[in-house]
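Trainee: Hi, do you have a moment to go through a model with me?
Mentor: Sure, put it up and ask away.

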Amino acid sequence: IVFSSKYCYTKYIIKYIQLLGGFIMGMCAIYQEVKKEDFKKLLESDDFFETIEELEEKDGTELCDIDKMWDALHFLLNGLSAIYGAPEDNLLSEFIIGSESFNDEAEEFARYIPTEKVIKIAKKLNEINFEDYLKDFDMNKFAENGIYPDIWSYDDEREEIMEELSEHFETLKEFYNKVAENKNIVVITIC
């Protein structure tokens with residue numbers, strides 16, 4: 001099976017992953033600030049990914065790439081994988097995987113967070129001491145729950161993984177604060 005790097009066929013990827021009993025490398029999360037006037041263009045677009053790439057190239061567009069650590073962050077903050085479900089009305093889940101889907105029938109994973117929720121999420125993130133979540137960090141729990149990426153058997157890299165999770169959290173927090181300040185929308189793609 002070949003997956004295009006430009007499009008995210010999340011439903012097929014998850015089915016393929018489940019058949020393999022594990023994960024394939026390469027599902028990265030990108031967070032992008034979108035202005036309200038540009039968001040309407042995105043909703044009306046016949047080619048979502050072409051339009052989102054055009055918007056990405058605009059001056060002043062904030063982007064945040066947390067690479068493959070989206071599921072690990074979601075698990076650390078929420079206690080379950082983003083792939084298999086998310087707590088409803090949970091800002092710490094929406095922070096990672098978004099609030100609203102562009103198209104529930106789409107094969108691509110593309111979601112967004114409206115401005116009002118972005119502001120609430122930024123406020124919530126500013127109240128969090130991320131070190132509290134790392135106190136009981138147990139790589140075995142991540143492995144037992146099939147958390148992506150499959151790096152949890154590398155015990156000698158425990159400190160580096162904790163540092164990476166912390167850095168991604170702080171980078172995302174900074175991103176959400178900027179988008180909230182600009183009163184814009186966050187679009188999330190996981191490809």
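Trainee: Which residue is the bridge partner of Q32 in β2?
Mentor: That is L63. Keep in mind that we are looking at a predicted model.

Trainee: Okay! How many bridges are there between β1 and β2, and in which sense do they pair?
Mentor: Four bridges, and the sense is antiparallel. Strand β1 covers residues 29-34, while β2 covers residues 63-67.

Trainee: What is the strand order in the sheet?
Mentor: The order is β2-β1-β5-β4-β3, an open sheet of five strands with antiparallel pairing. At the edges you find β2 and β3; each has a single partner strand, so one side of each has no neighbour in the sheet.

Trainee: And at the β3 end, which residue in β4 is the partner of E100?
Mentor: Y112 is the bridge partner of E100. Two bridges join β3 and β4, again in the antiparallel sense.

Trainee: Which helix packs on the sheet, touching β1, β2 and β5?
Mentor: That is α4, and its direction makes about 85° with that of β2.

Trainee: Back to β2 for a second. Which of its residues are on the covered face, and which on the uncovered one?
Mentor: C64 and I66 make up the covered face, whereas L63, D65 and D67 are on the uncovered one. In a regular strand, side chains alternate between the two faces of the sheet.

Trainee: What does D67 form a salt bridge with?
Mentor: With K68, where the closest N and O atoms are 3.7 Å apart. D67 has 30% relative accessibility, so it counts as partly exposed.

Trainee: While we're on charges, how many salt bridges does the structure hold?
Mentor: Eleven. Take K58 and D38, whose side chains meet at 2.8 Å, N to O. K58 sits in the loop between α3 and β2 and D38 in helix α2, so the salt bridge ties together parts 20 residues apart in sequence.

Trainee: Are those two buried or partly exposed?
Mentor: One of each. K58 is partly exposed, with a relative accessible area of 37%, and D38 is buried at 4% relative accessibility. There is also a network of salt bridges here that links D38, K41 and K58.

Trainee: What about K117, which side chain does it meet in a salt bridge?
Mentor: E94, at 2.9 Å from N to O. That pair links helix α6 with helix α5, the two residues being 23 apart along the chain. K117 is partly exposed at 23% relative accessibility, and E94 is buried with a relative accessible area of 7%.

Trainee: New topic: the core. How many residues does the largest nonpolar core have?
Mentor: It has 46 residues, and those with the most contacts inside it are Y31, W70, F137, W152, L172 and Y176. Helix α9, residues 158-182, gives the most to this core, with nine residues. A second, separate core has eleven residues, including V34, F48, F49 and I52.

Trainee: Leaving aside sequence neighbours within four places, what is W152 in contact with?
Mentor: M69, A72, F137, M139, F142, A143, I147 and I161.

Trainee: Last topic, the rings. How many aromatic pairs are there?
Mentor: The structure holds 15. F75 and F142 are one of them: the centres are 4.8 Å apart and the planes at 70°, which is over the 60 degree cut-off, so the pair is edge-to-face. F75 belongs to helix α4 and F142 to helix α8, 67 residues apart. Both are buried: F75 has a relative accessible area of 10%, and F142 is at 3%.

Trainee: And what kind of pair do F102 and Y112 form?
Mentor: A tilted one, 4.9 Å centre to centre with 50° between the planes. F102 lies in the loop between β3 and β4, and Y112 is in strand β4, ten residues apart. F102 is partly exposed at 22% relative accessible area, whereas Y112 is buried at 16%.

Trainee: Which residues form an aromatic cluster?
Mentor: F95, F130, Y133, F169, F175 and Y176 form one together. You met Y176 earlier, among the residues with the most contacts inside the largest nonpolar core.

How values were computed:
Residues numbered from 1 in each chain as written. Predicted model: local features only at pLDDT ≥ 70, side-chain atom pairs only at ≥ 80, totals over all residues. Heavy atoms only, no water. Core = buried A, V, L, I, M, F, W, Y, C linked by side-chain atoms within 4.5 Å. Buried < 20%, exposed > 50% of the residue type's maximum accessible area, 1.4 Å probe, protein only. Contact = heavy atoms within 4.5 Å. Phe/Tyr/Trp six-rings, centres within 6.5 Å; stacked < 30°, edge-to-face > 60°. Pairing = 2+ DSSP bridges. Axes fitted to C-alpha atoms, helices over the stretch in contact; angles between N-to-C directions. Salt bridge = Lys/Arg side-chain N within 4 Å of Asp/Glu carboxyl O.
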